[in-house]
Amino acid sequence: CNDPSVAHTCKMISFAVESGPCTIDAFGCAMSPGYPNTYGDKQACVISATEGKLVVEDFSTEYGHDKLTINGKTYSGDSQARLENEEGGKPVDGSITWSSDETVGKNGWKLCLAMETSFRSSMAMAMVDRRYEAF
C-alpha cells in the first residue's frame, strides 16, 4: 500500500465510532469506553465497520444489563466463547451497538477486523499488516 511504484488502491480495514465514548485503537480495533479498565455507567455507542471478518479479542460485561449487539444478536456477561463461535470470522452486517446500565461495570470488550479468518483470536492478528488490502 505504501509503494508508489505499484498501481493499486488500499482500503483500511477498521471500525469507526459513529456516536458515544467507545474508542478505536491504532490498529483499527473497537473497544468499550476505558478498555481495558472498567467502563462507565449509562454509556452507549454506535460503531460501524468496513469490510473484514470479526475477531473477538476480549469480552466481559455485566450479564443481562450491559449489552453489545452485533449482526442482530445481543451479547452480555462472560460470553466471549459464544460471541467467537457465533460471530467470529464473519463480516459485520450493519452497526454494532453498546449500552451499559447504571450499576456494575467490568473490563468490557475489544473487537478487531481481519481479512483472513485463519487467525481467530490472536493479539498478533491486530498487529499484522493485513489491516490493508490491495486491490
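Me: What lies 2.8 Å from the backbone nitrogen of Gly64?
Reply: A polar atom of the side chain of Ser76. This is a predicted model, and that distance is computed from it.

Me: Where is Ser76 found?
Reply: Ser76 sits in the loop between strand E8 (73-75) and H1.

Me: Buried or exposed?
Reply: Ser76 is buried, because its relative accessibility is 12% and the cut-off for buried is under 20%.

Me: Which residues does Ser76 touch, not counting those up to four places away in sequence?
Reply: Ser76 touches Phe59, Thr61, Glu62, Tyr63, Gly64, Asp66 and Lys67. Gly64 is thus one of its contacts, and the backbone nitrogen of Gly64 is the atom that the Ser76 side chain approaches at 2.8 Å.

Me: On to Ser60. Where is the place of Ser60?
Reply: Ser60 belongs to strand E6, residues 53-60. Ser60 is buried, with 17% relative accessible area.

Me: What does the side chain of Ser60 make a polar contact with?
Reply: With the side chain of Asp78, at 3.1 Å. Leaving aside neighbours within four places in sequence, Ser60 is in contact with Tyr39, Gly77, Asp78, Lys106, Asn107 and Gly108.

Me: Stepping back, how many helices and strands does the protein chain have?
Reply: One helix and 11 strands. Along the sequence the pattern is β-β-β-β-β-β-β-β-α-β-β-β.

Me: Which sheet has E6 in it?
Reply: An open sheet of four strands, in the order E3-E4-E10-E6, with antiparallel pairing. E6 and strand E3 (23-24) stand at its edges.

Me: Why is one side of each edge strand left without a neighbour in the sheet?
Reply: Because E3 and E6 each have a single partner strand.

Me: How many bridges does E3 make with E4?
Reply: Two bridges, in the antiparallel sense, between E3 and strand E4 (residues 30-31). Ile24 has Ala30 in E4 as its bridge partner.

Me: And which strands of that sheet does H1 touch?
Reply: H1 packs on the sheet and touches E6 and E10. The direction of H1 makes about 170 degrees with that of E6.

Me: What about the sheet with E9, what order does it have?
Reply: This open sheet of five strands runs E2-E5-E9-E7-E8, with antiparallel pairing. Strand E2 (15-19) and E8 are the edge strands, and each pairs on one side only. From one strand to the next, the twist averages 25 degrees.

Me: Which strands does H1 touch there?
Reply: E7 and E8. H1 packs on this sheet, and its direction makes about 155 degrees with that of E8.

Me: How many bridges join E9 to E5?
Reply: Four bridges join E9 to strand E5 (residues 44-49), and the two run antiparallel. Ile47 is the bridge partner of Ile96, and Cys45 is that of Trp98. Strand E7 (residues 67-70) pairs with E9 over three bridges, also antiparallel, with Lys67 opposite Ser99 as a bridge partner.

Me: Which side chains of E9 are buried?
Reply: Ile96 and Trp98, which point to one face. Thr97 and Ser99 point to the other face and are not buried. In general, side chains in a regular strand alternate between the two faces of the sheet.

Me: Which residues have the most contacts inside the largest nonpolar core?
Reply: Phe15, Leu68, Ile96, Trp109 and Leu111, in a core of 20 residues. The elements giving two or more residues to this core are E5, E6, E7, E9 and strand E10 (108-114).

Me: What is Trp109 in contact with?
Reply: Leaving aside neighbours within four places in sequence, the contacts of Trp109 include Cys22, Ala30, Ile47, Phe59, Leu68 and Trp98.

Me: Back to loops. Where is the place of Gly88?
Reply: Gly88 is in the loop between helix H1 (80-87) and strand E9 (96-99). Gly88 is buried, at a relative accessible area of 14%. Gly88 and Lys53 are 35 residues apart in sequence, with 7.1 Å between their C-alpha atoms.

Me: What share of the whole protein chain is made up of buried residues?
Reply: 38% of the 135 residues. The accessible surface comes to about 6900 Å², and 50% of that belongs to carbon and sulfur atoms.

Me: Of contacts between residues at least 6 apart in sequence, what share joins residues at least 24 apart?
Reply: 69% of them.

Note on methods
Residues numbered from 1 in each chain as written. Predicted model: local features only at pLDDT ≥ 70, side-chain atom pairs only at ≥ 80, totals over all residues. Heavy atoms only, no water. Buried < 20%, exposed > 50% of the residue type's maximum accessible area, 1.4 Å probe, protein only. Polar contact = N/O pair within 3.5 Å; in protein donor to acceptor, adjacent residues only side chain to side chain. Contact = heavy atoms within 4.5 Å. Pairing = 2+ DSSP bridges. Core = buried A, V, L, I, M, F, W, Y, C linked by side-chain atoms within 4.5 Å. Axes fitted to C-alpha atoms, helices over the stretch in contact; angles between N-to-C directions. Areas by Shrake-Rupley, 256 points an atom, 1.4 Å probe, with all protein chains shown as cover.
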